[in-house]
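Colleague: I should be grateful for a close look at one part of this model, namely the place where the two chains meet. Please set out how that contact is built, and then place it beside other local features.

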Protein chains: 2
Amino acid sequence: MPKKKIKIKINPIGKSFILEKPTNGLEAIVNSGNKIKSVCGGKGTCGKCRIIILDGKNAPVSGREKEILTSDEIKCGIRLACQQIFDRDLTVYIPSSSLSEEQKLQVEGEEPDIEAKPVCNKYFLNLKKATLKDIKPDFDRINEALRKEYKVDAKTIDLKVLSQMPSAIRENSWKVTATLRENPWENEIISIEGGNKTGSSYGIAVDLGTTKIAVLLVDLLTGRTIDRIGIINPQIRFGEDVMTRLSFAMQAELNLKKIQVMVIESINKSVKKLCNRNKLMPEDIIEMTVVCNTAMHHLFLGLPVSQLALSPFLPLTTRAIHLKAREIGIDISPGAYLYMLPPIAGFVGSDHLAMILATRLYKQKGNCIGIDIGTNTEIALKTKRGIMSVSTASGPAFEGAHIRYGMRAASGAIERVIIDPETCIPSIKTINDKKPAGICGSGILDSIAELLRTGIIDRKGKFRADSRCLRRDSKGNLQYILSPQFYKSLNHKSQYTKCEDKYVSINQKDIVEIQLAKSAIRTGIEILLEDSSIEFGRIDKVIIAGAFGSYIDPKNVVNIGMFPKVSLKKVTQVGNAAGVGAKIVLISKKERELAEKIAQRIKYLELTTCPEFNDHFAVSTLFPEASEII
Amino acid sequence: MPKKKIKIKINPIGKSFILEKPTNGLEAIVNSGNKIKSVCGGKGTCGKCRIIILDGKNAPVSGREKEILTSDEIKCGIRLACQQIFDRDLTVYIPSSSLSEEQKLQVEGEEPDIEAKPVCNKYFLNLKKATLKDIKPDFDRINEALRKEYKVDAKTIDLKVLSQMPSAIRENSWKVTATLRENPWENEIISIEGGNKTGSSYGIAVDLGTTKIAVLLVDLLTGRTIDRIGIINPQIRFGEDVMTRLSFAMQAELNLKKIQVMVIESINKSVKKLCNRNKLMPEDIIEMTVVCNTAMHHLFLGLPVSQLALSPFLPLTTRAIHLKAREIGIDISPGAYLYMLPPIAGFVGSDHLAMILATRLYKQKGNCIGIDIGTNTEIALKTKRGIMSVSTASGPAFEGAHIRYGMRAASGAIERVIIDPETCIPSIKTINDKKPAGICGSGILDSIAELLRTGIIDRKGKFRADSRCLRRDSKGNLQYILSPQFYKSLNHKSQYTKCEDKYVSINQKDIVEIQLAKSAIRTGIEILLEDSSIEFGRIDKVIIAGAFGSYIDPKNVVNIGMFPKVSLKKVTQVGNAAGVGAKIVLISKKERELAEKIAQRIKYLELTTCPEFNDHFAVSTLFPEASEII
C-alpha cells in the first residue's frame, strides 16, 4: 500500500499540519507547535490533554480514557490526546480548558503565508570619520553612506534620533545601524544604533479589544511571532461595554485622558514584559501596529467620542494613522511609529478590516461571509461585486452579560452543555474543570440549542410548561438547571419542584436575550444577502473569526438559527483573525497597502436605515423548525 | 522748471522713499513710516530728532540747531530733523540715540518686495450636516468640501486638530475654517476654527541671535509686519559668547535642556505680548520661522552640541527643519509648524542664508560681498561662479567685550567719536546722550579710526609715545581718554600726566583687540577674493548687514583696513537682513524654496584649513598707510 499523508486540522486555532505516519495525538499536537496542557506527560493519568475529535464519534476509546472521561464526554467525542493515534485525516478541537489560563486570552489565528518586508529596514553603515577637510554634517554623512551602499535616500530624520546621533556615531567608531521607515511620503531615519544591529529587528502588533488586549512580539526579519501576552483591557472598570465606556469618556476631558492613559500604560507594561522575557529592551521595538474597533481606536488616541456615541455615530476619520508612538506615550524606540489600520465606520472598526485581510476573505472564491461575534457583531459579505459590511448590535449576552448566571470565559464557567433527550439531564464542561460558577457564551449557545433540540423550549423560545425537567426559582419563574450537583440528589420524577437559587440555570429571560442577540446577527446576514441578491445557499464559505467564535460549536450556531442552515463543511473557525491582521500589516508594507485599498472598497451598510430591518428582526427571533436542526 | 522728485534714503534702516515736494525733515521721516524720537513735536527745542546728513557737510544750520547742537556735532553733519528741509536727494542717517530704547534691539532691515503666498492657507467651509444617511467621517466631510470648493486635497491631519474638530464643527453650525499647510510631502490640516476666519492669518518670524532676539508678528495675508519685539537672549547668563554657552550645554544633558527651555519660554512670552497688544491669541499664530547661527539652532532644538563645539565643528544637519512647534514647547496654534532655514556649516548659520536671501545678494549684478559683523563674522562673496561663504572668528571686541571700557550698545555707551586733529580732543556722542558709561562697538571703531587719522597711533597700532594727548593709567599704561569731563578741567599742555582710572579711555590692549578683530575679517575677505581670483577693485557692491553693521560708519571700516579701500558709494548698510529673511520665508513658500536652493549652492570655505590664512592674518593686523585714509 502506498504511504498516505495524514492531514490534521487543529481548531479553534485553525492551524493545519501534515503527518508522514500515524502518530500519538499529544506528540503530534506538541510537535506541530500547538500548546496543550499535559501534566503526566502522556501517561493518560492527569486527564488534562482533553481534545474533541470532530466528526469522530467513532474514535476508539482506550481503557485510560474510560477511567478518566465520563460516558457523556465520550459520547461528545471528547478524548485524551495522549491516548489517541492520529492515523487518518482529522479535525481536532482543543477546548479552552486544555489551554493554559493565559492562553485563553491569546487565541491564535490562522495565518496566511506572508513574506516579511516591513516598512522599517535597518542598514549597517561604516562611516568615514569627519575631519576639518571633510565637514559634512552627521545626517549628510549617513545619507551619503546610505545612497552609496544601499541606494536608498533618507529625506528626513526624527528630531529625537538626531539628538542621539552624534554620540551613537562617535561612541561606536563611526559604525552605526540606521533604521529607515518608508513613510507614505518620505524615507525617514527613525533610529540610529551603535554597531551592526541589522540582525535584530522587532515590532509589536496589538489587537486592542473592548475586553481583551493581545500583544504580540514579532521578529520583523523573519515575520515570526516570538512571544505574546494577553491581558484584560483595564478600561473595563469604566464600563464593560463600549457604550458605557464612551459615556464615561464623554463626561469630561479628564475622563477621556484617564481612560486613554490607562490602556496605553497597560500596553507599555505588556511590551516591557515581552521584552524582558526575550532579552530585549522596549527601545528595540521599531514599529507598532494596532487594530481595534472604532470606539477603542478613538479612546486609544484620546480623540473625542461624542460624535461617535450619538447618532449618526461618526468616526472622526477613516484614514490609516501614522503617528510617532511617543506622541501618545507609547514607550518603544523614541523615533518609532504607531500604525493604525483605518476604521471602516462608527461600528465597524479596523479589527474588521484586519479580519478581512487575515482570512483572505477579499479574495476567496465565490461568495463568502466573514463574521466576528461580539457585543457588536461585524459581518462582511464578499461577492463578485465587492465586500459589504454591516455591524449589528447583538448585545453582550454572548459575553455573559444580561444572563442571570452569565460570566466571562474564566475558570468555572460552563462552556459546553449536552442535554440527554431521554432524561433531560445536562452534561456540562466547565473551564478548568472547576465547580460551575456560571455560564459563558459558548455554554449559553449550547444550552439554548440543546433545550431546543430536546424540545424543552419551543420555536418561540418558550419553556414547554409540561416539561418535567423544569424547576421554579424562589420567585416562581421557570428555569432549567445546569449544575450537576442538583441532579445528584434528586428524585427525577418530582416535577415543578421549587429549588433554591444556588444552582446555575437558564431562565426564560436568558432565552429572550439570546433570541435578541441571534436575531440581530441573522438580520444582518439576511439584509446583506438581500442587498446583494444572493441566497444563503449560494454562500460558499462562512468564516467565523474572533475569540468567542473559536469556542462555539458551529452546529449549535446553525441550530439556534443565528445562521441560515449551512453545511458545516463550509464553516471555518479561524481564531483571532484581527490579531493576525495586526501582525500581517506589521511585517509587510505590501499587505498594509493592500489593507488600505480593501478599506476603500468595503461598502458599509447602515442597518438602522434599512426599512426591512424591523421585519427581518421580528421573524429572526423565532428558532428553526425541529426538522431544520442538524 | 519741471517738478523734480526728491529721493531720500534712510540709514541704517536702508529704506528709501520719494518726496513729491520739499518737505520738513521730521515730517518726511515720520510720514514714510520710519520712527524717530520727538518730544517737542518739531519746535526745535527737545533736540531728540538728531539725524546725520551723510555727504551733507554743507547742510544749512538753523538758529535752533546752533543752540542745541555742539559745533563738533554740526561739523559731523548732525542736524535736527525738524529744522531741515529735504529739498534734494539725501542719505539721512538716524543714529541709534534717536530711536527708542526698544527699537535698539529691533533694527529693521531693508525689505525686498515679496508677494505674500505662505505655506499655510485658510479655507472657509460650509459643511453638509451629517445624518444617518450621510455618515462620512468629519475628516472626509471636510476634505470633500475642500476638493469641491477649492480643488485642494488634504492628505493628513494633525492628531490634536483632529481632537478639536468635532466640537469646532458642531458648535459652529457646520461652518468652519480649515488651515492647510503645504508640507514638503503632503497637504496637512493644521487647524480647524469655527466660522469664517479666512480674513485673519498670522505668523511669527524670529531672528534668534546670540545676544538679541527679534520677534516679528506678521500678517500672512498682506505680508505686512504688524508688530515686533526685541529682547535680550536670556541664555546670555550662561555665557555671552557662543562658545561659553556651548560649553555649558555640553556639561550635562540637563544644562542643554535648561538653556533650551529658557529661550523657548522667552520667545513664548514675546509671542504672547505681541498677541495681547494686537488683540490676538497665541492660537491664532499658524506658522513660525526661525533663523539663527548654528549654535543657537542646536540649542533651540535641544540638539547635542559637542560635535559642534569641538573640531571639526560639525552641525548635526544642514537641512531645513519642519517641526510641530508644540514638540519643543512653542505655544502657538496646536497644529502649527516651526520652520527653520537650513544652517550652512558649523559657523555659518541660517541667519547668513537669510541675509543672502533678504539682500538679494544671490542675484546682484557683478561681484558682491555681503558681510554680517559679529563675534563670528560671516562673509559671502557672490560672483558669476556662485556664492562662497566663510566665517571668521572676529571675536567679541565689536560687542564691547575684551575692551577695558567696552560695553553693549546701551544707554551711556559712546557710539560716535571724532578727534580734533589740532587739539587731539575727542568729541563724543553717547546713546541717549547719557554720561559716558563705556564704549560700544561703533564707538571703538570710530576711536581707532580717529586715533589713526590724527596720527596718535601708527600703522602697527602703537601709541606714538610723543603724542601729547596720551595719559597714563594707575598702572602706568598709556591711554587715550574719551570722557569730556576729563578735558573740561585740564591744562592741555601737561603731557603724560597720571590720571585716575575713572574716565572712559582706549588703551594699547584695546587697540590690539580691534587689530585682531579687523584682521580676522580682512583675512576672510582676502581669502574669499583669492579663491575666486577676483581683486577687490572688481567688487561692485558691499552689503553690510546686521545690527552692529547698521550703527558703524562705513568710512571708518575702510580707514582701519577692515575692508580694502572702496568707494563708499558701493557700500550699503541694510540693517537686520536676517530678520527680514525670516519674515520673507514666513510669508512666501516660493522664497522658502528659493532659500533652500541657495543653501545648496553656497560653497563653504573652512578658513582654518587655508594654508595662506596665517600670512594674511599677520599682514592684516597692520593699519592702512596714512595716504589710504579717506
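**The interface between the chains**

Modeller: Across the interface of chain B and chain A, the rule finds 4 salt bridges. The model is a predicted one, and the values that follow are computed from it. One of the charged pairs consists of Asp140(B) and Arg319(A), whose side chains meet in a salt bridge with an N to O distance of 3.6 Å. In general, side chains of opposite charge can pair when their charged atoms come close. Polar contacts also link the two partners: 8 residue pairs between chain B and chain A are counted, with both residues at pLDDT 80 or more.

As to the elements involved, α5 (138-150) and α6 (159-170) of chain B each supply at least two residues of the side of chain B that touches chain A. The largest share of that side, 6 residues, comes from α6(B).

The extent of the contact can be given in residues and in area. In residues, 45 of chain B are in contact with 45 of chain A. In area, chain B and chain A bury about 3,600 Å² between them, and 67% of this lies on carbon and sulfur atoms. Leu132(B), Trp185(B) and Arg319(B) supply 18% of the area that chain B buries against chain A, more than any other three residues.

The symmetry of the pair comes next. A turn of 180° with a shift of 0.0 Å along the axis lays chain B on chain A with an RMSD of 0.1 Å. The two copies are therefore related as by a two-fold rotation axis. In chain B, the C-alpha nearest this axis belongs to Trp185(B), at 2.8 Å from it. Trp185(B) is also one of the three residues named above for their share of the buried area. Because 100% of the interface residues of chain B are also interface residues in chain A, the copies meet through the same surface.

Charged pairs may also be considered beyond the interface. Over all chains, the count by this rule comes to 62 salt bridges. Among them is the pair of Asp446(A) and Arg416(A), with the closest N and O atoms 3.1 Å apart. Asp446(A) lies in helix α11 (residues 441-453) of chain A and Arg416(A) in strand β21 (residues 413-419) of chain A, so this pair ties together parts that are 30 residues apart in sequence.

Some details of the backbone deserve mention. Most residues other than glycine have a negative phi, and most peptide bonds are trans. In chain A, the peptide bond from Ser311(A) to Pro312(A) is cis, with omega near 5°, and Pro312(A) lies in the loop between α9 (306-309) and β16 (321-324) of chain A. In chain B, a cis peptide bond joins Ser311(B) and Pro312(B), with omega about 5°. Lys279(A) has a positive phi, near 55°, and is placed in the loop between α7 (253-277) and β15 (285-292) of chain A.

Finally, there is an open sheet of 3 strands in chain A, with the order β24-β25-β26 and antiparallel pairing. Its edge strands are β24 (471-472) and β26 (505-507). Helix α13 (residues 508-531) of chain A packs on the sheet, touching β25 and β26, and its direction makes about 75° with that of β26(A).

Key:
Residues numbered from 1 in each chain as written. Chains lettered and ligands numbered in written order. Predicted model: local features only at pLDDT ≥ 70, side-chain atom pairs only at ≥ 80, totals over all residues. Heavy atoms only, no water. Pairing = 2+ DSSP bridges. Helix = DSSP H or I, 4+ residues; strand = E, 2+ residues; numbered from the N terminus. Contact = heavy atoms within 4.5 Å. Axes fitted to C-alpha atoms, helices over the stretch in contact; angles between N-to-C directions. Least-squares fit on C-alpha atoms with pLDDT ≥ 70 in both. Buried area = accessible area lost by both parts, 1.4 Å probe. Polar contact = N/O pair within 3.5 Å; in protein donor to acceptor, adjacent residues only side chain to side chain.
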